[in-house]
Amino acid sequence: QLCKRVAAELSTVLKSDLELFDYRPRDTLLLIIDRNDDPVTPLLTPWTYQAMLHELVGLDRNTLHIKGEPSTVVAPPPSSSSSAAAEKDKPAEPEGYVFSQKDDAFFEENMYHNWGDLCGNVKKYVDHCKRVMNIDRSTATIEEVKQFMQKLPQTKSLTGFVTKHATVVSHLSNIIKERHLLEVSELEQNMVVEVDQSAHWSRLKELSGSGYLDTNDLLRLCILFNLRYEKTASPSRTLR
């Protein structure tokens, strides 16, 4: 039903401006595929920013919590000394990082960017923040200091966003290294685009025997292999 709706709305858009969408070549074909019939894509490691946040860490109502991050302790309301002490002893709830393209320009621009472009853009973002904050108090003129103070609220907001994205990207980088996702993804992509059952099986056994793969990642590789090379009359291979 969703595919039909998309097709109908797209057809309406195309008919709304015949001159704009009047392509002379007629060999262009747009396929709208129902993801319910696609067992492969959900098994592949995602490499775009928003998808990685969901898959590798997890977003809860657009909020991401990183284990081990220091929590912010909120001062208890005025009350009796005993209840105040009890409130003080409670573990602090981590605030987490909120990801919303409406309030975060960097996230809006990079949420669909791949990992390589994202890392480069985060570096540029950090460098931009350094340039904004770089005022030599000993040589700065009164006008320069005045301009800096006028921009102080925006500067605080900028440093907050930069800190958030730099911290989260660093955390994602650690996950990639710990789970050896570059190696996992390489085999995934090879199995999707190439036909080489022997080589793929050998690499799968090699990764399985290494002992350092996450169980879920190894399971995804096994499922992909069987989907890629399944034969109705032949039993599936097994890893020992």
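His180 counts as partly exposed in this predicted model, with a relative accessibility of 24%. That value puts His180 in the middle class because buried means under 20% relative accessible area and exposed means over 50%. The residue is found in the loop between helix H7, which spans 152–178, and helix H8, which spans 181–193. The backbone is worth a look here too: phi of His180 is near 55°, a positive value in a residue other than glycine. As a rule, most residues other than glycine have a negative phi.

Arg61 makes a handy companion case. Its phi is positive as well, at about 55°, although Arg61 is not a glycine. Arg61 sits in a loop too, this one between S1 and S2. With a relative accessible area of 73%, Arg61 is exposed, whereas His180 is partly exposed.

The strands on either side of Arg61 belong to a little piece of sheet. S1 and strand S2 (residues 63–64) pair in the antiparallel sense, over two bridges, and Asp60 stands opposite Thr63 in S2. The sheet itself is open and has three strands in the order S1-S2-S3, with antiparallel pairing. Its edges are strand S1 (59–60) and strand S3 (97–98), each of which pairs on one side only.

Stepping back along the chain leads to helix H2, made up of residues 49–57. Four residues of H2 are buried, namely Tyr49, Met52, Leu53 and Leu56. Seen down the axis of H2, the buried residues fall within an arc of 105°, so they line one face of the helix. Just after H2 comes Gly58, with a positive phi of about 110°. Unlike Arg61, which is not a glycine, Gly58 is one, as its name says.

Nonpolar side chains also turn up on the outside of the model. Leu2, Val6, Leu10, Val13, Leu14, Leu30 and Ile32 form a nonpolar patch on the surface. Together these residues have about 580 Å² of accessible area. One of them, Leu2, lies in helix H1, which covers residues 2–16. Leu2 is exposed, with a relative accessible area of 61%; the cut-off for that class is over 50%, so Leu2 qualifies. The leucines of the two helices thus offer a contrast: Leu53 and Leu56 in H2 are buried, while Leu2 in H1 is exposed.

Definitions and conventions
Residues numbered from 1 in each chain as written. Predicted model: local features only at pLDDT ≥ 70, side-chain atom pairs only at ≥ 80, totals over all residues. Heavy atoms only, no water. Patch = residues over 30% accessible without salt bridge, like charges linked within 9 Å, V, L, I, M, F, W, Y side chains within 5 Å. Areas by Shrake-Rupley, 256 points an atom, 1.4 Å probe, with all protein chains shown as cover. Salt bridge = Lys/Arg side-chain N within 4 Å of Asp/Glu carboxyl O. Buried < 20%, exposed > 50% of the residue type's maximum accessible area, 1.4 Å probe, protein only. Arc of directions from axis to C-beta. Pairing = 2+ DSSP bridges.
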